[in-house]
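Trainee: I should like to learn how to read the interior of a protein model. Where should one begin?

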Amino acid sequence: MLRRTFMAVTAATMLSTPVLADDHMAKDIVAIASGSDQFTTLVAAVSAAGLVETLQGEGPFTVFAPTDDAFAALPEGTVASLLEPENRDQLVAILTYHVVPGKVMSGDLSDGMTATTVQGSDVTIGTEGGVTVNGANVTAADIEASNGVIHVIDAVILPEG
């Protein structure tokens with residue numbers, strides 16, 4: 001009986017260790033995004049825009065992170081065009097429109113509130129029937145990082161102009 005109990009405890013400990021070892025708070029925003037297969041386009045865009053070091057910085061930052069499916073929903077050729085070096089300024093503007101200075105958790109949000117992005121324009125938050133940012137649905141919230149928080153969204157939001 002003691003042997004069975006020991007084996008069960010050992011197995012439970014071994015199975016739970018990877019979960020405990022995957023502590024997001026020890027990783028910055030870029031490391032978390034890079035470690036997820038749903039943000040490959042976002043990570044490529046952040047790299048092409050030269051924003052990796054910024055988003056690895058002290059922060060804190062709130063990032064509304066579009067998934068690969070969100071980027072794929074853009075008109076055909078848009079992503080490829082944005083990743084070209086001559087369109088870097090436009091890519092930076094779009095990506096920084098997804099970042100708000102400070103750490104804004106979902107509990108801090110209220111319907112109709114606005115937040116000024118790093119790009120300089122405001123985004124509007126909706127909380128009726130689910131949380132939205134400029135109409136994009138938040139599909140996962142409060143992914144904490146060492147330098148801020150990530151909220152996953154299902155669309156790429158674009159600044160006016």
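The dialogue below moves from the overall fold to the cores and then to the internal space.

Mentor: Please keep in mind that this is a predicted model. One begins with the secondary structure: the protein has seven helices and seven strands.

Trainee: In what pattern do the helices and strands follow one another along the sequence?

Mentor: The pattern is α-α-α-α-β-α-α-α-β-β-β-β-β-β. Of the contacts with a separation of 6 or more, 62% are between residues 24 or more positions apart.

Trainee: How much of the protein is buried, and how much area is exposed?

Mentor: Of the 161 residues, 35% are buried. The exposed area is about 9100 Å², and carbon and sulfur atoms supply 56% of it.

Trainee: How does one judge a single residue, for instance I32: is it buried or exposed?

Mentor: One compares its relative accessibility with a cut-off; buried means under 20%. I32 counts as buried because its relative accessibility is 9%. I32 is located in helix α2, which covers residues 29-34. The C-alpha atom of I32 is 9.2 Å from that of E144, although 112 residues separate the two along the chain.

Trainee: How should one read a nonpolar core?

Mentor: In soluble globular proteins, nonpolar side chains tend to be buried together. Here the largest nonpolar core has 27 residues, and L42, L55, V63, L95 and I150 touch the most other members. Elements that each supply at least two residues of this core include α3 (40-48), α7 (88-96), β1 (61-66) and β7 (148-153). The largest share, four residues, comes from α2. A second, separate core has twelve residues, among them F64, V100, V123 and I125.

Trainee: Which residues does L95 contact, leaving aside its neighbours within four places in sequence?

Mentor: L95 is in contact with L42, A45, V46, A49 and L51.

Trainee: How does one look for empty space inside the protein?

Mentor: Rolling a probe the size of a water molecule over the atoms shows where empty space is left. A search of the whole structure finds one cavity of 30 Å³ or more. The largest cavity holds about 40 Å³ of space.

Trainee: Which residues line the largest cavity, and what is their character?

Mentor: The lining consists of T41, A45, F71, V79, L82, L83 and L91. Two or more lining residues come from each of α3 and α6 (78-82). By character, six lining residues are nonpolar, one is polar and none is charged.

Notes. Residues are numbered from 1 along each chain as its sequence is written. This is a predicted model: local features need pLDDT of at least 70, side-chain atom pairs count only at pLDDT 80 or more; totals for chains, interfaces and linings use all residues. Side-chain values use heavy atoms; hydrogens and water are left out. Buried means under 20% relative accessible area, exposed over 50%, partly exposed in between (1.4 Å probe, protein chains only). A nonpolar core is a set of buried Ala, Val, Leu, Ile, Met, Phe, Trp, Tyr and Cys residues joined through side-chain atoms within 4.5 Å. Contact means heavy atoms within 4.5 Å. On a 1 Å grid over the protein atoms alone, a cavity is a set of points where a 1.4 Å probe fits but cannot get out, and a pocket is an open set with protein on both sides within 12 Å along at least five of seven lines; lining residues have an atom within 4 Å of a point. Grid points are joined across faces, edges and corners, and a volume is the space filled by probe spheres set on the points. Ala, Val, Leu, Ile, Met, Phe, Trp, Tyr, Cys and Pro count as nonpolar, Asp, Glu, Lys and Arg as charged, and the others, Gly among them, as polar. Accessible areas come from the Shrake-Rupley method with a 1.4 Å probe; for residues, only the protein chains shown count as cover.
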